[in-house]
Amino acid sequence: MVEYIEERVREKRRLGKQSTAELYRAAGNHFLQFLGDGSYRMEEITRTMVLDFGDYLKSAGLRINSINSYMSCLRAIYNAASRDRLIPPSEQSFSGLKLRREDTRKRAVSLHWMELLARMKWHKEDKDLEQAADLALFCFMACGMPFVDVLHLKKENVVGDVLTYHRQKTGIAISIRLTTGMKRILNKYKNHSPYLFPWIGEAGSHSQYKRLLRQYNQALRVIGWRLHIPVRLSSYVFRHTWASTAFRQHIPVSIIGKALGHTSEKTTRIYLEQLDRRELDKANQKVIDSVEKLVCHNH
């Protein structure tokens with residue numbers, strides 16, 4: 001079992017699925033600790049064992065969504081072993097397992113706080129905070145683009161006034177117009193690397209990305225304290241903020257889903273092929289208008 005889990009982790013890394021590989025490794029480690037014996041074989045996993053593992057994770061104090069992630073990863077490893085004929089076809093140890101996610105607290109802030117962020121004046125000693133604020137504003141103005149996608153943007157992703165990229169998580173292609181505010185921030189960070197922002201090396205590793213994400217979130221927390229923002233700032237906040245602002249401004253859910261690169265919402269899937277990028281550009285400009293004016297004024 002140990003060897004097969006490690007094999008699946010290596011395969012996910014080879015495919016560039018670094019986050020999934022980390023989850024597989026963590027799930028495997030938890031399961032082996034639960035068993036207390038690494039000599040078990042995949043075909044020896046029983047339904048009772050699976051259910052007991054869930055109870056074990058609960059007793060360890062893990063939250064529901066973390067437990068679901070580990071159970072889901074273990075199921076994926078088990079299913080892969082079944083496809084590789086390591087488990088008899090009749091075995092269905094995970095059949096009927098239902099994983100219901102727990103609603104997490106909302107992580108959006110109001111447009112008022114985004115406007116305050118855009119008005120911030122920085123001192124020389126605040127370079128790290130200024131960079132984090134600029135990146136947060138860019139993420140917001142780019143339809144809530146995730147930090148990992150912003151970090152990996154390359155100059156070749158820009159053709160004229162259009163920025164096109166593929167979501168690191170889903171592979172979905174997204175194309176948006178570069179607004180004046182986005183251009184101001186990009187010009188501020190012009191560099192000689194292949195990337196639009198100069199913080200990740202050309203052969204950037206997953207560990208480097210995780211380190212940059214930690215530093216970014218730490219800087220955002222300091223910014224939040226300075227502005228007395230009632231929500232703990234993190235990289236996800238600006239994505240949630242764009243989406244919630246768009247929803248409050250009555251922008252169709254289908255357009256919001258396309259902007260965010262969603263693949264799991266039925267409404268989004270139905271309308272994905274019918275949307276015109278001009279609708280998305282119009283929606284984005286409506287959401288970011290007040291913040292962008294301040295960005296243009298201050299940069």
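This report walks through a hairpin, a loop residue and some cysteines in a predicted model.

**The hairpin**

Let's start with strands β2 and β3. Strand β2 covers residues 162–166, and its pairing with β3 is antiparallel, over 5 bridges. If you want to spot one of these bridges, look for Thr164: its partner in β3 is Ser175. The two strands make a hairpin, with 6 residues between them. In that turn sits Gly171, whose phi is positive, at about 80 degrees.

Now look at the two sides of β3, which spans residues 173–177. Ile174 and Ile176 make up the covered face, while Ala173, Ser175 and Arg177 are on the uncovered one. Why would neighbours end up on opposite faces? Because side chains in a regular strand alternate between the two faces of the sheet.

**A loop residue: Asn191**

Next, head to the loop between α8 (180–188) and α9 (206–227), where you'll find Asn191. The side chain of Asn191 makes a polar contact with the side chain of Ser193, at 2.4 Å. A polar atom of the Asn191 side chain also lies 3.3 Å from the backbone oxygen of Leu196. Leaving out residues up to four places away in sequence, Asn191 touches Lys155, Leu196, Phe197 and Pro198.

**Buried residues**

Here's how Asn191 and two cysteines score on accessibility.

| Residue | Relative accessible area | Status |
|---|---|---|
| Cys139 | 2% | buried |
| Cys143 | 1% | buried |
| Asn191 | 18% | buried |

Asn191 counts as buried because its 18% falls under the 20% cut-off.

And how many disulfides are there? The count is 0.

How values were computed: Residues numbered from 1 in each chain as written. Predicted model: local features only at pLDDT ≥ 70, side-chain atom pairs only at ≥ 80, totals over all residues. Heavy atoms only, no water. Disulfide = S-S within 2.5 Å. Buried < 20%, exposed > 50% of the residue type's maximum accessible area, 1.4 Å probe, protein only. Helix = DSSP H or I, 4+ residues; strand = E, 2+ residues; numbered from the N terminus. Pairing = 2+ DSSP bridges. Polar contact = N/O pair within 3.5 Å; in protein donor to acceptor, adjacent residues only side chain to side chain. Contact = heavy atoms within 4.5 Å.
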